[in-house]
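The following report goes through a single protein chain, beginning with its interior and moving on to its sheet, its helices and its charged pairs. Please read it alongside the sequence and the structure shown here.

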Amino acid sequence: MKNGARFKAVVAAALLGLLLLSGCTPKGGEQTIEIRLGEVARTVFYAPQYVALSQGMFAQEGLDVQLATIPGGDKAMTALLSNQADIALIGAETSIYVYQQGAEDPIINFAQLTQTDGTFLFARQTQDSFEWEKLKGQNFLGQRKGGMPQMSLEFTLRKHGIDPQKDLKLIQNIDFANVASAFGSGTGDYVQLFEPQASIFEKEGRGRVVASIGVESGELPYTVYMAKQSYLNTNSEAAQKFTNAVYRAQQWIATHSPEQIAEAITPYFKDTDLAVLTSSIKRYKEQSTYALNPMIEEKEWKNLQDVMTSAGELKSPVALDKLVNPSFAQQAISSSSTGNTEPPVKKSTTESTDAGVGAGGSS
């Protein structure tokens, strides 16, 4: 894909069949608000979202959230643009692509879920030590051009003096949803994997994680809840309730152990071993992947555009206030605080736990 060229394609009718009820029970006696939510992947990377669903946080806000997994940022954005989804969880870069195309009804980012890349560099050969130089000349099973995983990878590689197009044998002809299975079938020497797939492959002896792209590429609005400007204008109450639930889930994640979080999200990973879920969450918590609040900060927005510029995907800089509406996040934080309207500092989840409530503390 080049700068979101596929975003305006009509979503296939089969997409409707992907919409699944989240399983949350709305408050009794209250009129519920239905929200069709599209996620770009089913991954432990989105653990706070599954906590909000399984622990009834959306339901407590009077929301009936219907969740669909729509693999690939381009397909998820297409669902949003064609009104097949009300809110989408995608990389913030997709909103910039739509803006660059001159959309009359821009896509607005209103709540951040994760604050780093969620992929890990996975090597087929379990060598004793890893050096970035070892990637040169190797077959690398890459992601879609213009997508956040691929851009973060290329940004990281250039930091280490590696030209992705010249120094790697880059394979990019496999759809996002099939990358992991292609690697499992023997394609490529290296690949980027989200959790829990990385832990599953390690357990199966297919290789090992040798580096974190999230640590290497720094903080950025990697996955964000977004909606059309027109939707937010006419459904501000729903968007606020949605953000309130997301913030509560983020705080719950920060104050609970990987074991507790794994138990909470198990309904969304029924075929994944509990120990694998736990190790995956531990890995993400240790590198501060999960945002502690839904605010998108200026420095994160700038880093995102630096990554896009490095990949040659940004026509010109886009100011934060053009595509980010912070009011919902600000209200969610303010409402849950006691006389404190400032958002909590985005520090590591480990720091948050140590500073206040223990890992087993209540939500």
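## The nonpolar cores

Of the 91 residues that make up the largest nonpolar core, Y225 and F242 touch the most other members. Helix α11, which spans residues 236-254, gives the most to this core, contributing 8 residues. The model is a predicted one, and the contacts described in this report should be read with that in mind.

Leaving aside residues up to four places away in sequence, Y225 touches L37, Q49, I87, A88, L89, I108, N109, F110, A111, L113, F242 and V246. Apart from this core lies another, of 14 residues, among them F140, L153, A211 and I213. In soluble globular proteins, nonpolar side chains tend to be buried together.

## The mixed sheet around β9

An open sheet is formed by 5 strands in the order β8-β7-β9-β6-β10, and its pairing is mixed. The edges are taken by β8 (169-171) and β10 (208-212), each of which has a single partner strand, so one side of each is left without a neighbour in the sheet. On average, and with direction ignored, neighbouring strands of this sheet are turned by 30 degrees against each other.

Within that order, strand β9 (residues 190-193) pairs in the parallel sense with strand β7 (residues 139-141) over 2 bridges, while 4 bridges join β9 to strand β6 (residues 120-123), which runs antiparallel to β9. On the β7 side, the bridge partner of F140 is Y190 and that of L141 is V191; on the β6 side, F120 stands opposite L193. F140, which is bridged to Y190 in β9, is also one of the residues of the 14-residue core.

Which residues cover the two faces of β9, and are they buried or exposed? Y190 and Q192 lie on one side and V191 and L193 on the other, and all of these are buried, so that both faces of the strand are covered. In a regular strand the side chains alternate between the two faces of the sheet.

## Helix packing

Helix α1 (residues 47-54) and α11 have axes that come within 8 Å and cross at roughly 110 degrees; the two helices are therefore roughly perpendicular to each other. From α1 the contact is made by A47, P48, V51 and A52, and from α11 by A245, A249, Q250, W252 and I253. Helix α11 thus appears in this contact as well as in the largest core, to which it gives the most residues.

Helix α3 is mostly covered, with 7 of its 9 residues buried, namely G73, D74, A76, M77, T78, A79 and L80. These buried residues pack against β4, α4 (93-100), β5 (107-114) and β11 (223-228). Just after the helix, N83 takes a positive phi of about 65 degrees.

## Salt bridges across the chain

The count of salt bridges in the model comes to 13. In one of them R36 is paired with D86, the closest N and O atoms being 2.8 Å apart. R36 lies in strand β2 (residues 33-39), whereas D86 belongs to the loop between α3 (73-81) and β4 (87-90), so the pair ties together parts that are 50 residues apart in sequence. R36 is partly exposed, with a relative accessible area of 22%, while D86, at 12% relative accessibility, counts as buried.

A salt bridge also joins R144 to D74, with 3.9 Å between the closest N and O atoms. This pair links distant parts of the chain, since R144 sits in the loop between β7 and α5 (148-159) and D74 in helix α3, 70 residues apart. D74 counts as buried at 3% relative accessibility.

The side chains of D273 and K203 meet in a further salt bridge, at 3.8 Å from N to O. Because D273 lies in the loop between α12 (258-265) and α13 (274-286) and K203 in helix α8 (residues 197-203), the pair ties together parts that are 70 residues apart in sequence. D273 is partly exposed, with a relative accessible area of 38%, and K203 is exposed, with a value of 59%. Salt bridges that share partners also join E195, E202 and R283 into one network.

Methods
Residues numbered from 1 in each chain as written. Predicted model: local features only at pLDDT ≥ 70, side-chain atom pairs only at ≥ 80, totals over all residues. Heavy atoms only, no water. Buried < 20%, exposed > 50% of the residue type's maximum accessible area, 1.4 Å probe, protein only. Pairing = 2+ DSSP bridges. Core = buried A, V, L, I, M, F, W, Y, C linked by side-chain atoms within 4.5 Å. Contact = heavy atoms within 4.5 Å. Axes fitted to C-alpha atoms, helices over the stretch in contact; angles between N-to-C directions. Salt bridge = Lys/Arg side-chain N within 4 Å of Asp/Glu carboxyl O. Parallel < 35°, antiparallel > 145°, perpendicular 65-115°, else oblique.
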